[in-house]
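Thank you all for coming; I would like to walk you through one structure today, beginning with its strands and then turning to its helices and a few loop residues. Please have the sequence and the model open as I speak.

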Amino acid sequence: MNKDSFTVPITDIHTHIMPGVDDGAQNLGEALTALRVLIKEGVRRVVATPHFQASLLERSAHETDQFERFDRAYEKLATAASEDSLEITIERGCEFKLDAPTLDLSEPRLRLAGSRYALVEFASFRVPPFAENQLLAVHEAGWIPVLAHTERYAGVSSAWNRVEEWFRQGTLLQVNARSLFGSYGPEPQYVAQELLRLGWVSCLASDFHARGRPGLLSALNLIDRGGEEERRVLRTLMSENPERILNDETPTMVPPVYVEVPELDRRTPSRRWFR
Ligand SMILES: [Fe+2]
């Protein structure tokens with residue numbers, strides 16, 4: 001980093017760092033390593049958002065089991081982080097998959113730090129035919145959906161009018177920092193760039209699965225060109241808006257920003273485009 005490097009205390013609202021509950025950190029050791037990696041990138045407040053499927057709500061025994069597993073994993077992680085004096089606040093949340101007609105988010109553990117905001121994702125990594133209805137159902141129940149990794153759903157680059165409708169509806173659009181580097185392929189990279197250029201993104205997050213890099217610091221360095229405007233955008237995307245969400249406040253509008261993304265070698269096998 002040069003002397004002009006810009007830093008900001010990052011708040012990351014999307015991670016898979018709860019030990020042994022999903023496809024993220026598999027045990028406490030991996031979870032603590034993940035926390036240290038996030039701290040090194042500048043994260044000071046993080047939400048653990050394990051996957052939770054809406055369809056589980058239709059099977060109450062499974063639902064109870066799942067919450068108990070999350071409770072135990074969270075306690076274990078929070079206790080170990082405090083014993084190791086890690087300087088990071090760990091909040092509760094879930095990444096709620098919209099895979100059933102029942103979209104009951106009244107349980108606070110399903111929402112981001114118990115706020116009215118819920119991190120939601122479409123099923124099967126594609127834009128579903130009734131996406132608008134699903135998001136509207138969340139709004140009508142009194143919650144505000146934060147759409148996880150908006151840029152990653154198949155078909156999203158040919159559905160700009162629909163994305164605009166979600167945005168105008170009041171759905172907050174979250175983008176994964178690593179998408180800007182093409183970690184998930186050329187289409188998500190292009191969509192992430194466009195969403196930022198349109199000023200529709202409310203926040204960047206890592207979606208860190210305790211492997212590789214979270215990409216937050218790299219995204220910060222990519223967007224930061226030393227100009228006041230870019231730094232204001234970064235502050236809003238990575239610090240101010242995630243904080244507002246967790247504090248149950250209304251996020252501020254993010255000014256459009258053009259990000260010059262690294263060119264992808266499109267001959268690279270898709271193997272490296274990981275979850
Ligand atoms: Fe995720």
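What follows is a tour of this model, taken element by element.

I should say at the outset that this is a predicted model, and I will speak of it in that sense throughout.

Let me start with the sheet. Six strands, that is 6 of them, form an open sheet in the order β3-β5-β6-β7-β8-β9, and the pairing within that sheet is parallel. At its edges stand β3, residues 51-53, and β9, residues 201-205, each of which pairs on one side only. Going from one strand to the next, the twist averages 35°.

As an example of the pairing, consider β5, residues 95-98, and β6, residues 117-122, which are joined in the parallel sense over 4 bridges. Within that pair, L98 has F122 of β6 as its bridge partner.

There is another parallel pair to mention, namely β1 and β2, which are also linked over 4 bridges. Here T11 stands opposite R45 in β2. How many of the residues of β1 are buried? The count is 6 of 6, and the strand is accordingly described as mostly covered.

Strand β1 brings me to helix α6, residues 216-223, whose buried residues are L216, L217, A219, L220 and I223. If we look down the axis of α6, these buried residues fall within an arc of 160°, and therefore they line one face of the helix. What covers them includes β1, β2 (43-48), β9 and α7 (228-246), and I would point out that β9 is the edge strand I named a moment ago.

Now to a pair of helices. As general background, two packed helices are described by the angle between their axes and the distance between the axes. In our case, the axes of α3, residues 131-140, and α4, residues 160-169, come within 10 Å and cross at roughly 10°. Because of that angle, α3 counts as roughly parallel to α4. On the α3 side the contact is made by A131, E132, L135, L136 and H139, while α4 contributes R162, E165, W166 and Q169. By character, the residues of this contact divide into 4 nonpolar, 2 polar and 3 charged.

Let me finish with the loops, and with G20 to begin. Where does G20 lie? It sits in the loop between β1 (10-15) and α1 (28-40). G20 counts as partly exposed because it has 16 C-beta neighbours inside 10 Å, where 20 or more would be needed for a buried residue. Leaving aside its neighbours within four places in sequence, G20 is in contact with Q26, N27 and A73. The C-alpha atoms of G20 and E30, which are 10 residues apart along the chain, are separated by 9.4 Å.

Two further loop residues deserve a look at their backbone angles. A113, in the loop between β5 and β6, has a positive phi of about 50° although it is not a glycine. S124, in the loop between β6 and α3, has a positive phi of about 60°, and it is not a glycine either. Are these residues buried, partly exposed or exposed? A113 has 17 other C-beta atoms within 10 Å and is therefore partly exposed, whereas S124, with 11 C-beta neighbours inside 10 Å, counts as exposed.

Definitions and conventions: Residues numbered from 1 in each chain as written. Predicted model: local features only at pLDDT ≥ 70, side-chain atom pairs only at ≥ 80, totals over all residues. Pairing = 2+ DSSP bridges. Helix = DSSP H or I, 4+ residues; strand = E, 2+ residues; numbered from the N terminus. Axes fitted to C-alpha atoms, helices over the stretch in contact; angles between N-to-C directions. Buried ≥ 20, exposed ≤ 12 C-beta atoms within 10 Å, placed from the backbone. Contact = placed C-beta atoms within 7 Å. Parallel < 35°, antiparallel > 145°, perpendicular 65-115°, else oblique. Nonpolar A, V, L, I, M, F, W, Y, C, P; charged D, E, K, R; others polar. Arc of directions from axis to C-beta.
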